Amino acid sequence: MPGAQTSRIREGSFVLSASIVFPPTREDRAVTDLESFHVYDTSLRDGAQQEGLSLSVHDKLAIAGHLDELGVGFVEGGWPGAVPKDTEFFRRARTELNLKTATLAAFGATRKAGARAADDPQVRALLDAETPVVTLVAKSHVGHVERALRTTLDENLAMIADTVAYLTEHGRRVFVDCEHFFDGYRTDPAYALRVVRAATEAGADVAVLCDTNGGMLPDDVRAVVAAVAAETGARLGMHAHNDTGCAVANTVAAVDAGATHVQGTVNGTGERTGNADIVTIVANLELKRALRVLPDGALQEATRIAHAVSELTNIVPYSRQPYVGASAFAHKAGLHASAIKVDPDLYQHTDPELVGNDMRLLVSDMAGRASIELKSRELGYDVSGDRELVTRVTQRVKDLEAAGYTFEAADASFELLLRTEAEGQRLSYFDVESWRVITESRPGGDALSEATVKLRAGGERVVVTGEGNGPVNALDHALRTAIGALYPEIDKLELIDFRVRILDAAHGTDAVTRVLVEMTDGKTSWETVGVGANIIEASWEALVDAVTYGLLRQGAAAIS
Ligand SMILES: CC(=O)SCCNC(=O)CCNC(=O)[C@H](O)C(C)(C)COP(=O)(O)OP(=O)(O)OC[C@H]1O[C@@H](n2cnc3c(N)ncnc32)[C@H](O)[C@@H]1OP(=O)(O)O
Ligand SMILES: CC(=O)C(=O)O
C-alpha cells in the first residue's frame, strides 16, 4: 500500500510508534489542480516579522509580483487596520497589482472578547482590504486563551465562530490559523480539536495548524496532523516556524499526514529563526513527493525569484540555501568531481535545472584532475585530451593554494593560470618593470596616495603617476593612464569590490595577505586573487590579473 502510514498516538503526549511506508509516487498522490493543494505565502506578513526587516509598500508590491511568478496560490499581504503600511498595501494592490495565479489574503485576529464581530474595527478593516481571502489567527491553546486573551474557553470558540461566520456572510473565503496548535494539542487535545471544529463548522475552508513557537519535530507533527484529520475530517494546513531547524521537514511531514495547504515565506524569513522556506517546501513536494503544487514551469523560476526577493528584502542570499543557494550544486572535492565527470547525478540529489540553478565546479587545493578538467570545460576550454597539462595545472593550483591563493572565488585568475600553463607563457598586454606608492597624510585633510608605474607596452617604455584616495586606487589610475591609449577598452572596466584577508593573523603585521578583487565591464563581473607579504603587493597582483582578464574579455589584442 504505497503512501500508507500507521501511527499510534498516546493521549496527551507525543510518544508514538509509526511505521511509515515509502513516500507516494506521483500517480498515488497526483494533485490535479492548484485548488486541491494550497501553496500559501506569508512573506509579506509573517516574513516581515523578522528582526531587521522593514518593507516599504513599494517593496511589498514588488515581492507580491515575484510570488505570483513563482506560482503560489495565495499571497498574504499583511494585517490591515493594525499596520498602516499593510492597510496602504491593500489599497494600492487594487490598482497596482495584477496577479495572474495568486489570490490576495488579508490577515487579522478574531473579534475581541465580549463584542460583536460587526462592531470590531479590526474585523471591519479586514473587509475594507477587499481581498477574496481573509486569514484569521485564533487561539487554540487553553493557556493562551486564559492567560493572553484573558477570556473563557467558550468565549474564544464564540469569537472564532462569529468572526468566521461574519466574514463568510460578507463573501470572504476564510482560513483560520490555529495559533500554538501543537503545544495546545499537547496540553488539551480535546480543546484544540474544538477550535478546529468551531472554525470549519462556521465556514472556514482550512484550519491551519500552527507551530507558532517552532518547537516541533517531524514525527510528532505527522502524528498530530493525522489524528486531527481523522477526528475532524477538516481540511488542514501547516504553518511552521524553524526554531528546531525542522520547519520544512515539519511541513512535509504534515503533508504526508494529509495536510493540503502549506504556509511559508520566501528564503525562510520570519519571527525569531524564521518560517518554513516556501521555496524549499515546494521543491520538496514537487521533486521528492511528486506532488504538482505549482503551475507548469514555475519551479524553474525558483532560484531567480528567491534571489530577487533577497534583493528586495536587502538580505544577502544564503549561499547554502537548499535548491536555490549559490552553493547548492557547487562541488569542491576532487573525488566528487571525478564521479560527476561520469554522471552529475552521482553527487547531486536532483537536477539543478529543475529549480533554475546551475552546477558549478570549484577549484581549490582539494581539486583533482577531474575538477580541473570540468572547471576548464565550464570556462570554455576542452583540456580532456591533455593529461599532462591537467596534471600540471592541478599541481600548480595545489602549490598556490598552499601559499595562500584561493581560486574558488577567483575564476578569472584560474583561467589566466590555465592559459599560462597551456600556452607556456603568461598572456600579457604589458610588462611591468616596477611600481611604487607613497601615501601622504595632510593635517586637516584626507590622506592622498600617489603611485608611479613603470611598464613596457606596445614597444614603448612608459612611466606614469596616478593619484587616488588610497594606494590601490592610485595604482589603478596610474595603470589606466599607462595603457589607456594603447588599450582604450580599459575605460569599460571598473573595480567594484576589494576584499582583504590576513591569512596568518598570529604573525601580526608580518602576516601573509590575500586580496580578492572584483571587476566589471558593465555586463558581467569577474574575480581575481593576489597574495603577498605586503597588502599593496597582493592588491597589485589581483589588479593586474583583473585588468588582463578584462582586456581578454573585451577581445583586445596584445600589442608587443
Ligand atoms: C503568531 C503571530 O505571529 S500572529 C501575528 C502577530 N502580528 C502582530 O502582532 C503585528 C501587528 N500587531 C499590531 O499592530 C498590534 O499588536 C495590534 C494592533 C494587533 C494590537 O495592538 P494593541 O491593541 O495595542 O494590543 P496589544 O498588542 O498590546 O495586545 C493585543 C490584544 O489583542 C488580543 N488578541 C491576541 N490574540 C488575539 C486573537 N487571536 N483574537 C482576538 N484578540 C487577540 C490580546 O488579548 C490583546 O487584547 P487586549 O488589548 O484587550 O489586552
Ligand atoms: C499565525 C502565525 O503566524 C503563527 O502561529 O505562527
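The following exchange goes through a predicted model and the reasons behind some of the terms applied to it.

User: What makes Gly 550 count as buried?

Analyst: Gly 550 has 25 C-beta neighbours inside 10 Å. The cut-off for buried is 20 or more, so Gly 550 counts as buried. Gly 550 belongs to helix H17, residues 535-553. Leaving aside residues up to four places away in sequence, Gly 550 touches Leu 493, Met 519 and Asp 521.

User: How far is Gly 550 from Leu 400 in space?

Analyst: Their C-alpha atoms are separated by 22 Å, and the two residues are 150 residues apart along the chain.

User: Met 519 was named as a contact of Gly 550. Which residue is the bridge partner of Met 519 in E18?

Analyst: The partner is Trp 526. Strand E17 (residues 513-520) pairs with E18 in the antiparallel sense over 8 bridges. Two bridges are enough for a pair, so E17 and E18 count as paired, with 8.

User: Which strands are called edge strands in the sheet E16-E17-E18, and why?

Analyst: They are strand E16 (494-502) and strand E18 (525-532), because each pairs on one side only. This is an open sheet of 3 strands with antiparallel pairing. Its twist averages 20° from one strand to the next.

User: What makes the other set of strands a barrel?

Analyst: There, 8 strands close into a barrel in the order E3-E4-E5-E6-E7-E8-E9-E10, and the pairing is parallel. On average, neighbouring strands of this sheet are turned by 25° against each other, direction ignored.

User: How do you know that E3 and E4 count as a pair?

Analyst: Strand E3 (residues 38-41) is joined to strand E4 (residues 74-78) by 2 bridges. The requirement is at least two bridges, so the pair qualifies. Asp 41 stands opposite Val 75 in E4.

User: Why is E8 described as largely enclosed by the rest of the structure?

Analyst: Because 6 of the 6 residues of E8 are buried. Val 206, Val 208 and Cys 210 point one way, while Ala 207, Leu 209 and Asp 211 point the other way.

User: How many bridges join E8 to E7, and how many join E8 to E9?

Analyst: E7 and E8 pair over 4 bridges, and E8 and E9 over 5 bridges. Both pairings are parallel. Asp 177 has Val 208 of E8 as its bridge partner, and Leu 209 stands opposite Met 238 in E9. Helix H9 (residues 247-256) lies across E8, E9 and E10, running at about 170° to E9.

User: How do you know that the length of helix H5 agrees with what is expected?

Analyst: Helix H5 (residues 153-169) has 17 residues, which at 1.5 Å a residue should span 24 Å. The end C-alpha atoms are 24 Å apart, so the two values agree. Buried residues of H5 include Leu 157, Ile 160, Val 164 and Leu 167. The buried residues pack against elements including helix H3 (121-128), strand E6 (133-139) and helix H7 (189-201). Just after H5, Gly 171 takes a positive phi of about 85°.

User: What makes the phi of Glu 130 worth a remark?

Analyst: Most residues other than glycine have a negative phi. Glu 130 is not a glycine, yet its phi is positive, about 55°. Glu 130 sits in the loop between H3 and E6. His 180 also has a positive phi of about 55° although it is not a glycine, and its place is the loop between E7 and helix H6 (181-187).

User: Why is Glu 130 called partly exposed, and why is His 180 called buried?

Analyst: Glu 130 has 14 C-beta neighbours inside 10 Å. Exposed needs 12 or fewer and buried needs 20 or more, so Glu 130 counts as partly exposed. His 180 has 23 other C-beta atoms within 10 Å and is therefore buried.

User: Which residues surround ligand 2, and which are closest to ligand 1?

Analyst: Around ligand 2 are Asp 46, Val 137, Asp 177, Glu 179, Cys 210, Thr 212, His 239 and His 241. By class they are 2 nonpolar, 3 polar and 3 charged. Ligand 1 is surrounded by 15 residues, the closest being Ala 82, Ala 109, Thr 110, Val 137 and Leu 149. E6 gives the largest share of that shell, 3 residues.

Methods. Residues are numbered from 1 along each chain as its sequence is written. Chains are lettered from A and ligands numbered from 1 in the order in which they are written. This is a predicted model: local features need pLDDT of at least 70, side-chain atom pairs count only at pLDDT 80 or more; totals for chains, interfaces and linings use all residues. Axes are lines fitted to C-alpha atoms, for helices over the stretch in contact, and angles run from 0 to 180 degrees between N-to-C directions. Two residues are in contact if their C-beta atoms, placed from the backbone, lie within 7 Å. A residue is near a molecule or strand if its C-beta atom, placed from the backbone, lies within 6 Å of it. Ala, Val, Leu, Ile, Met, Phe, Trp, Tyr, Cys and Pro count as nonpolar, Asp, Glu, Lys and Arg as charged, and the others, Gly among them, as polar. The expected span of a helix is 1.5 Å times one less than its number of residues.
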